[in-house]
Amino acid sequence: QVQLVESGGGLVQPGGSLRLSCAASGSIFSISTMGWYRQAPGKQRETVATNTVGGSTNYADSVKGRFTLSRDNAKNTVYLQMNNLKPEDTAVYYCNAKIQQRRQGPTYNYWGQGTQVTVSS
């Protein structure tokens with residue numbers, strides 16, 4: 001079994017910062033892509049940032065220059081540093097990882113449980 005456990009959400013004032021963490025654990029052979037998605041009330045889930053091993057990081061236009069995704073591959077962990085937060089960043093943030101559990105096995109898509117980020121004065 002594989003689990004993604006997120007932490008770091010909360011309430012912050014506009015202009016403030018938060019750092020989200022997501023650690024993958026369990027039976028893991030390799031992780032190709034890790035990323036963050038978010039879903040605001042009444043809206044569809046959208047991509048925030050994704051990174052593939054050996055590739056570049058892609059950001060949504062709405063967060064470019066404010067959010068930074070980083071990975072610690074030794075710890076199977078992905079982070080999202082969010083600076084200059086705006087009220088429109090308010091959403092539930094979900095971690096995602098594409099994980100292979102054994103050599104030459106299939107790759108499955110896993111999701112974290114979600115963490116609430118609220119930006120409000």
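## Close-up views of a predicted model

**Figure 1. β3 and β8 run antiparallel and are joined by 6 bridges.** Strands are DSSP runs of E with at least two residues, and helices are DSSP runs of H or I with at least four, numbered from the N terminus; two strands pair if DSSP finds at least two bridges between them. The model is predicted, so to speak of local features needs pLDDT of at least 70, side-chain atom pairs count only at pLDDT 80 or more, and totals for chains, interfaces and linings use all residues. Residues are numbered from 1 along each chain as its sequence is written, and side-chain values use heavy atoms, with hydrogens and water left out. Within this strand pair, leucine 20 has leucine 80 of β8 as its bridge partner. β8 is mostly covered, since 5 of its 6 residues are buried (under 20% relative accessible area, with exposed meaning over 50% and partly exposed in between, for a 1.4 Å probe and protein chains only).

**Figure 2. An open sheet of 4 strands is built in the order β1-β3-β8-β7, with antiparallel pairing.** The strands at the edges are β1 and β7, each of which has a single partner strand, so one side of each is left without a neighbour in the sheet. On average, and ignoring direction, neighbouring strands of this sheet are turned by 15 degrees against each other (axes are lines fitted to C-alpha atoms, for helices over the stretch in contact, and angles run from 0 to 180 degrees between N-to-C directions). Strands of a sheet pair through backbone hydrogen bonds, either parallel or antiparallel.

**Figure 3. β7 and β8 form a hairpin with 4 residues between them.** In the turn, asparagine 76 has a positive phi of about 50 degrees. The two strands run antiparallel and are joined by 6 bridges. Along this pairing, phenylalanine 67 stands opposite methionine 82 in β8, and arginine 71 stands opposite valine 78 in β8.

**Figure 4. β4 is paired with both β5 and β9, running antiparallel to β5 and antiparallel to β9.** The pairing with β9 has 8 bridges, and in β9 the bridge partner of arginine 38 is tyrosine 93. The pairing with β5 has 6 bridges, and here tyrosine 37 stands opposite threonine 47. β4 and β5 also form a hairpin with 6 residues between them, in whose turn glycine 42 has a positive phi of about 75 degrees. β4 is mostly covered, with 7 of its 10 residues buried.

**Figure 5. Trp36, Leu80, Met82 and Tyr93 touch the most other members of the largest nonpolar core, which has 29 residues (buried Ala, Val, Leu, Ile, Met, Phe, Trp, Tyr and Cys joined through side-chain atoms within 4.5 Å).** At least two residues of this core come from each of β1 (2–7), β3 (18–26), β4 (30–39), β5 (46–52), β7 (67–72), β8 (77–82), β9 (91–100) and β11 (115–119). The largest share, 5 residues, comes from β9. Leaving out residues up to four places away in sequence, tyrosine 93 touches Glu6, Leu20, Trp36, Tyr37, Arg38, Val48, Phe67, Leu80, Met82, Gly114, Thr115 and Val117 (contact means heavy atoms within 4.5 Å). In soluble globular proteins, nonpolar side chains tend to be buried together.

**Figure 6. Glutamine 100 lies in strand β9.** With a relative accessibility of 16%, glutamine 100 counts as buried. Its side chain reaches the backbone oxygen of glycine 105 at 2.9 Å. When residues up to four places away in sequence are not counted, glutamine 100 touches Ile28, Phe29, Ser30, Gly105, Pro106 and Thr107.

**Figure 7. Glutamine 13 sits in the loop between β2 (10–12) and β3.** Glutamine 13 is exposed, with a relative accessible area of 56%. Apart from its neighbours within four places in sequence, glutamine 13 is in contact with Val119 and Ser120. The C-alpha atoms of glutamine 13 and tyrosine 94 are separated by 21 Å, and these two residues are 81 residues apart along the chain.

**Figure 8. The chain as a whole has 0 helices and 11 strands.** Taken along the principal axes, its C-alpha atoms fill a box of roughly 50 × 25 × 25 Å. Of the 121 residues in the chain, 41% are buried. Among contacts between residues at least 6 apart in sequence, 56% join residues at least 24 apart.

Terms used
Polar contact = N/O pair within 3.5 Å; in protein donor to acceptor, adjacent residues only side chain to side chain.
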